[in-house]
Protein chains: 2
Amino acid sequence: MASLGDIGLAAAINILSAIGFLLAFAVLRLQPINDRVYFPKWYLKGIRSSPTHSGNLIKKFVNLDCGTYLRFLNWMPAALKMPEPELISHAGLDSAVYIRIYLLGLKIFVPLAFLAFTILVPVNWTGGSLEQIKNLTFSNIDKLSISNVPAGSDRFWAHLVMAYVFTFWTCYILYKEYKIITTMRLHFLATENRRADQFTVLVRNVPPDPDESVSEHVGHFFTVNHHGHYLIHQVVYNANQLAKLVEEKKGLQNWLVYYQNKYTRNPTKRPTVKTKFFGLFGKAVDAIDYYTAEIEQLTTAEAAERERVIGDPKAIMPAAFVSFKSRWGAAVCAQTQQSSNPTLWLTEWAPEPRDVYWSNLAIPFVELTIRRLIMAVALFFLTFFFMIPIAFVQSLANIEGIKKVAPFLRSLIKVKVVKSFIQGFLPGIALKIFLILLPMILMTMSKVEGFTSLSKLERRSASKYYLFILVNVFLGSIITGTAFEQLNSFIHQSASDIPKVIGVSIPMKATFFITYIMVDGWAGIAAEIIRLKPLIVFHLKNTFLVKTDQDREQAMDPGSLGFASSEPRIQLYFLLGLVYSVVTPILLPFIIVFFSFAYVVFRHQIINVYHQQYESGASFWPDVHIRVIIAMIISQLLLMGLMSTKEASQSTPLLLALPVLTIWFHIYCKSRFEPAFVKFPLQDAVVKDTLEKATEPNLDLKAYLQDAYLHPVFHGGEIEQVTLNEEDNNALVPTKRSHRSTPVGSKYGSEVGSEIEF
Amino acid sequence: MASLGDIGLAAAINILSAIGFLLAFAVLRLQPINDRVYFPKWYLKGIRSSPTHSGNLIKKFVNLDCGTYLRFLNWMPAALKMPEPELISHAGLDSAVYIRIYLLGLKIFVPLAFLAFTILVPVNWTGGSLEQIKNLTFSNIDKLSISNVPAGSDRFWAHLVMAYVFTFWTCYILYKEYKIITTMRLHFLATENRRADQFTVLVRNVPPDPDESVSEHVGHFFTVNHHGHYLIHQVVYNANQLAKLVEEKKGLQNWLVYYQNKYTRNPTKRPTVKTKFFGLFGKAVDAIDYYTAEIEQLTTAEAAERERVIGDPKAIMPAAFVSFKSRWGAAVCAQTQQSSNPTLWLTEWAPEPRDVYWSNLAIPFVELTIRRLIMAVALFFLTFFFMIPIAFVQSLANIEGIKKVAPFLRSLIKVKVVKSFIQGFLPGIALKIFLILLPMILMTMSKVEGFTSLSKLERRSASKYYLFILVNVFLGSIITGTAFEQLNSFIHQSASDIPKVIGVSIPMKATFFITYIMVDGWAGIAAEIIRLKPLIVFHLKNTFLVKTDQDREQAMDPGSLGFASSEPRIQLYFLLGLVYSVVTPILLPFIIVFFSFAYVVFRHQIINVYHQQYESGASFWPDVHIRVIIAMIISQLLLMGLMSTKEASQSTPLLLALPVLTIWFHIYCKSRFEPAFVKFPLQDAVVKDTLEKATEPNLDLKAYLQDAYLHPVFHGGEIEQVTLNEEDNNALVPTKRSHRSTPVGSKYGSEVGSEIEF
């Protein structure tokens with residue numbers, strides 16, 4: 001069990017490393033050569049440009065003005081200065097709402113910490129239960145926790161009342177925040193400019209038709225069933241192969257540029273390259289000629305593939321983007337069921353074009369449910385069998401464990417500083433390394449599940465990651481750690497005792513989580529700001545590939561918030577804060593430091609660095625909300641488990657009402673706010689439509705929407721051809737109507753809608 | 001523990017009483033005087049009429065044809081003869097699908113019983129574990145159950161495999177049935193005649209407006225936001241007070257008729273009545289004059305109230321029935337969100353007019369969620385504290401319990417038949433009496449929760465009742481009974497051991513549930529067919545109140561299926577069948593007898609007796625489906641609990657996959673079929689609209705819908721006045737448009753929709 005001294009050492013290490021990162025950042029960001037690494041957002045916005053103006057060469061790369069170094073922390077107030085409306089228009093609503101999560105943490109935990117320190121800490125400190133027990137090692141931290149209150153004491157009423165107060169405060173803040181963010185989202189949607197996705201619906205699972213192509217079928221179906229509203233549609237091409245060729249060509253072009261640059265610098269010798277096995281074997285040939293030839297060959301292949309995709313009816317997937325004449329028409333189509341078979345003609349709001357995940361658009365319904373079952377089972381195994389290595393590492397990070405496994409280290413361990421380091425630092429860092437590997441696996445799993453937009457993929461991955469963190473980091477650390485500490489004392493206990501076991505172990509694990517918060521929350525956030533990987537990659541690219549300003553633009557990697565992995569990590573802090581707020585309040589200040597530091601850092605990052613791939617209008621907020629609710633319920637259940645072992649039998653049943661109220665609160669919030677995040681109200685659609693009609697009466701919406709949902713590989717290339725093809729399809733509707741009215745009419749139950757009047 | 005002999009006696013008693021009921025039914029139903037009790041449906045359909053034709057007087061009341069008595073069971077084949085399509089058109093889809101629940105039971109349990117008896121019974125019987133234990137009383141039934149298999153035996157593999165087979169078979173049948181019923185529902189909806197609810201949407205939570213009445217506000221809102229589709233709307237009057245007056249008047253009229261009849265039969269003496277305290281005290285006055293005067297007074301009061309309701313704007317509730325020009329328009333409005341505040345302008349499909357529960361139409365959203373929380377808590381207490389009386393009665397029904405409580409009965413108990421009777425019969429009947437009281441309470445709770453249609457109220461009450469049966473009848477009987485039997489042996493055990501305790505107790509409780517099935521399932525169903533209460537009430541009314549054929553029509557009480565209380569009771573049999581199918585298969589034949597007997601009885605009843613108040617198109621099926629799924633999961637968990645105590649450690653973890661697969665199966669079925677029960681696809685709407693337009697081009701839909709959703713108290717009375725009022729409101733829309741276009745226009749974001757073109 002770590003003492004206050006151990007914690008102090010760990011804190012010192014982490015604070016020092018955080019300061020180290022911040023100093024490094026302060027120095028690096030002031031160098032003009034790193035400008036594109038630390039301020040890429042401004043370059044992408046076109047506000048900032050490369051320092052190519054007059055001045056000596058060194059000043060272009062290194063900042064020699066010493067005064068700027070002294071104010072090395074002044075990026076912090078700068079980050080806080082930008083007002084929120086400006087932040088939204090600068091970085092988008094997603095980012096602006098994302099950093100509000102940190103603010104939410106502060107709003108919840110600052111009052112909680114204040115109350116806990118004025119009421120619970122004195123109650124615990126004077127409990128005096130630990131001092132009476134012999135043969136028990138305990139630290140001062142334990143004296144601050146609920147462990148110090150003797151079993152059956154009346155002091156537990158204080159914890160009970162505080163549990164209620166904390167729950168109500170958290171709910172109140174959550175409610176207020178949900179309301180604010182709903183208003184922000186609705187305002188954002190109402191004021192945003194015309195975008196293709198406002199008029200467009202994604203239709204999936206178009207049933208095959210023996211007489212018609214997918215495009216004709218879609219056209220007819222919506223002409224009939226949304227008569228007067230349907231405008232145009234774009235089928236989805238299976239261009240995955242083509243996209244691969246384009247990607248390959250791009251890679252070869254990079255190599256060509258690299259060798260051309262090399263040749264320019266050293267014109268005496270033409271560069272050569274070996275052609276086989278990654279350039280290691282084979283005959284050396286002239287590199288520039290070789291890559292030029294290769295690219296030419298690929299260009300031909302690409303053109304052929306492009307031809308095939310557009311011409312081959314089998315390359316058209318049974319999905320389409322259907323656009324309507326008004327936002328009202330799109331809102332209606334997205335929210336209604338089209339066919340009596342609910343697995344066909346599935347409609348949903350189209351994601352914005354940047355947000356579409358193209359490869360997943362054509363998965364049939366049954367396959368989708370089977371994929372999800374398999375992924376659910378896989379997630380289960382991933383979540384529960386990933387625990388084994390963590391448990392192993394943590395058992396090593398235990399002094400006794402190390403002594404057993406590696407006896408030769410015994411003398412080293414006896415040094416006090418090393419011992420403190422092992423106990424305070426290693427368990428946290430071991431966990432951290434495991435967690436870095438995970439998001440990619442989870443994202444792949446979400447892709448297999450078949451979600452159609454990047455935003456949904458990120459949200460789903462975040463849910464998976466949250467489950468993982470909950471089971472492995474939170475529960476895993478508590479149970480496994482305790483199991484090793486208590487020397488197999490309850491290995492043979494039944495699984496049904498787990499809630500109690502966890503409840504009892506929680507106060508003992510406080511020190512572990514404090515070190516974890518310092519490693520992951522303090523030093524980790526400080527490391528985030530230094531952007532080591534993008535820094536290195538940018539300079540490598542800048543040296544070897546960049547010729548023009550446009551190349552330099554492409555060499556920048558602004559990155560993004562990475563909702564899928566960063567949000568669940570924040571949620572761990574909510575969980576820890578809520579669980580320990582009643583049990584061991586000493587943890588709360590560490591969490592508050594994390595939230596405020598992270599708020600400043602990420603506000604700086606979204607202003608200067610991150611460039612979001614898409615804008616979903618804060619549609620992730622319901623996920624954030626429910627996870628805080630889950631954390632509350634877990635904290636309440638664990639408190640009940642803990643209290644029931646403390647013989648506080650009068651007070652424990654009173655805790656039962658808390659989860660009930662919390663769940664009710666969640667249901668209320670869900671029905672009150674969530675529709676604003678998934679549906680688009682008709683009233684708002686009508687308002688926007690009317691306004692647009694009044695201000696732009698001659699808008700050619702058809703032209704505007706024509707190519708909005710083209711697969712990205714077609715953009716910039718042979719658009720004309722595709723457009724032509726689209727128009728062909730549309731032309732089929734009126735022509736078909738004349739000579740095929742009976743069969744088509746009977747299939748859709750009308751004479752192709754021409755006589756329907758709504 | 002009841003032996004096979006006890007069970008035999010109980011079976012004999014129940015079979016005899018069932019036969020008694022059937023004989024009584026056979027005699028009673030053949031008497032012409034009871035014709036309206038046993039065949040009311042045919043009278044309501046107008047196919048059958050009173051036996052007033054020639055013939056002697058006695059024959060009018062008593063059937064003297066002895067031949068008909070001999071064939072006393074021939075109603076059974078008659079009930080089975082009617083083919084299903086005819087049954088649907090005769091009794092409605094709700095009833096036809098309802099009796100398919102019994103058929104579903106047969107489809108599931110007949111193969112299960114066959115497999116269990118060929119495989120599991122021999123495995124159990126030869127287990128021989130019970131015979132080895134000394135000092136243990138056990139019956140032959142226990143020898144047929146899993147209790148007879150020794151702990152750690154390899155024989156448990158048979159149970160494991162069978163658990164999988166049973167689960168897959170049940171899922172297969174459930175899937176097939178869901179598919180059939182979805183098809184039936186879609187076919188039913190597609191072929192059904194024009195009904196007002198197809199065009200109408202119920203709008204609730206209309207926000208108050210300072211400038212406009214509710215009616216104007218609704219009219220404007222839908223004119224703007226469903227331009228070109230909106231047709232007409234009817235506001236909802238708060239006519240609860242008026243309905244009360246009408247009801248009161250009807251009661252007084254009944255008394256008037258009663259005294260008039262009395263006077264007609266005995267014209268020498270005018271009947272008198274005392275006026276105070278239910279006719280017990282006060283001055284005796286002439287009854288006919290008194291009631292005539294009272295009725296006149298009420299008529300005046302009613303007219304005044306009617307005037308007030310129609311005139312007073314406060315009597316108009318913030319809800320309305322909005323009708324559209326086409327089914328498409330209604331389908332769109334019902335499925336979309338109207339306002340950016342998701343708690344305002346809530347739209348849903350209007351229930352059909354008969355189905356509307358008028359008093360609940362005006363509850364605000366926040367109040368609604370609070371009411372639901374309170375009712376959820378109330379349901380919890382009702383469910384868990386209702387157990388105390390049942391436990392008390394069951395402890396009495398135990399031989400030892402009776403000896404203790406009533407020592408004077410000791411000699412009586414020693415008689416073997418009495419003892420068997422107490423053990424085999426009393427616990428069941430005690431439970432049954434409790435259950436009769438319950439549905440009314442639960443229905444009241446559902447009404448407080450604020451559901452707006454009778455069908456939903458019934459479905460919600462059924463859910464509550466199911467929870468109650470699950471906790472009290474099923475779990476309560478298992479735990480409490482065992483607790484008393486095992487003499488406080490595990491009263492001090494922790495709550496977390498409950499799953500195991502239940503699993504272990506299940507085989508011991510088989511005999512109790514067998515007697516319960518016989519009392520509730522066999523004799524209870526037979527008692528259902530005799531319709532004792534309607535029989536008595538009808539004859540009382542017939543004697544005292546009936547003067548004309550129309551009166552006789554009103555005296556009939558055909559009743560209805562009573563989904564709220566009868567469906568959860570069927571579900572108990574599914575639960576018992578699934579839980580015991582692996583553990584004690586001997587229970588299955590009893591359940592099969594119940595399902596087949598009940599199927600015949602209820603098929604007879606829905607053909608000849610029940611008259612459903614509304615037709616919901618089998619919208620209750622998802623509830624039935626999920627409850628069978630819940631029963632499956634419970635049976636799987638209990639089997640796991642039971643197996644884990646049997647030291648079958650290799651096989652228990654393999655059972656874990658079962659609940660996972662079952663839940664996935666449910667999710668699949670839900671997404672595949674449930675939308676057909678809650679949404680109306682646009683394609684089908686277009687088909688019906690087009691067809692109607694072609695066949696009835698001159699239909700005046702406005703006139704058809706004008707009074708469809710009038711509060712029932714207005715029907716037949718002053719409709720003209722209300723209609724006029726409606727037209728006034730509609731007229732306001734165009735007139736207002738001219739002189740108030742700017743403020744109204746800005747509120748709805750357009751110039752009252754006059755310039756919007758979709």
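How are α7(B) and α8(B) oriented to each other? The two helices are oblique, because an angle of about 130° between them falls outside the ranges for roughly parallel, roughly antiparallel and roughly perpendicular pairs. Please keep in mind, as you look around, that this is a predicted model.

**Helix pairs in chain B**

Let's stay with that opening pair for a moment. Helix α7 of chain B covers residues 84–91, and its axis runs 6 Å from that of α8(B). On the α7(B) side, the residues that meet the partner are E84(B), L87(B), I88(B) and A91(B). From α8(B), the matching residues are L93(B), S95(B) and A96(B).

A second pair offers another arrangement to look at. Helix α11 (residues 156–191) and helix α28 (residues 621–645) of chain B pack at about 175°, with 11 Å between their axes. That angle makes α11(B) roughly antiparallel to α28(B). Along α11(B), the residues involved are F156(B), A163(B), T167(B), T170(B), L174(B), Y178(B) and I181(B). They meet W621(B), H625(B), V628(B), M632(B), Q636(B), L639(B) and M643(B) of α28(B). Here a general point about helices is handy: an α-helix has 3.6 residues a turn, so residues three or four places apart point the same way.

Two helices of chain B can be set side by side for their length and burial.

| Helix | Residues | Expected span | End-to-end C-alpha distance | Buried residues |
|---|---|---|---|---|
| α26(B) | 563–583 | 30 Å | 30 Å | 20 of 21 |
| α28(B) | 621–645 | 36 Å | 37 Å | 18 of 25 |

For α26(B), the end-to-end distance agrees with the span expected at 1.5 Å a residue, and the helix is mostly covered. For α28(B), the two values agree as well. With 18 of its 25 residues buried, α28(B) is largely enclosed by the rest of the structure.

**The nonpolar cores**

Which residues touch the most other members of the largest nonpolar core? They are L576(B), L587(B) and I591(B), in a core of 120 residues. Helix α8 of chain B, residues 93–125, gives the largest share of this core, with 14 residues. If you want a good place to start exploring, try I591(B): beyond its neighbours within four places in sequence, I591(B) is in contact with F109(B), I517(B), Y573(B), L576(B) and G577(B). Another core lies apart from this one and holds 118 residues, including A18(A), I99(A), I469(A) and V609(A).

**Two copies and their contact**

Chain A superposes on chain B with an RMSD of 0.2 Å after a rotation of 180° and a shift of 0.1 Å along the axis. The two copies are thus related as by a two-fold rotation axis. The same surface serves both copies, since 100% of the contact residues of chain A recur in chain B.

How many residues does each chain bring to the contact? Chain A gives 40 residues and chain B gives 42 residues. On the side of chain A that touches chain B, the elements giving two or more residues are α12 (214–225), α15 (327–335), α16 (365–385), α30 (657–673), α31 (675–678) and α32 (682–695) of chain A. The largest share of that side, six residues, comes from α32(A).

**Chain A and a few residues worth a look**

Chain A has 758 residues, of which 41% are buried. Its secondary structure comes to 35 helices and six strands. Among its contacts between residues at least 6 apart in sequence, 79% join residues at least 24 apart.

S215(A) sits in helix α12 of chain A. Is S215(A) buried or exposed? S215(A) is buried, because 21 other C-beta atoms lie within 10 Å. Its C-alpha atom is 9.0 Å from that of A319(A), although S215(A) and A319(A) are 104 residues apart in sequence.

Backbone angles point to two further residues. Most residues other than glycine have a negative phi. N205(A), however, has a positive phi near 55°. N205(A) belongs to the loop between β1 (200–204) and α12 of chain A, and it is buried, with 20 other C-beta atoms within 10 Å. In chain B, W345(B) has a positive phi near 50°. W345(B) is in the loop between α15 (327–335) and β6 (346–349) of chain B, and its 23 C-beta neighbours inside 10 Å are why it counts as buried.

Key. Residues numbered from 1 in each chain as written. Chains lettered and ligands numbered in written order. Predicted model: local features only at pLDDT ≥ 70, side-chain atom pairs only at ≥ 80, totals over all residues. Core = buried A, V, L, I, M, F, W, Y, C linked by C-beta atoms within 7 Å. Buried ≥ 20, exposed ≤ 12 C-beta atoms within 10 Å, placed from the backbone. Helix = DSSP H or I, 4+ residues; strand = E, 2+ residues; numbered from the N terminus. Contact = placed C-beta atoms within 7 Å. Expected span 1.5 Å × (residues − 1). Least-squares fit on C-alpha atoms with pLDDT ≥ 70 in both. Axes fitted to C-alpha atoms, helices over the stretch in contact; angles between N-to-C directions. Parallel < 35°, antiparallel > 145°, perpendicular 65-115°, else oblique.
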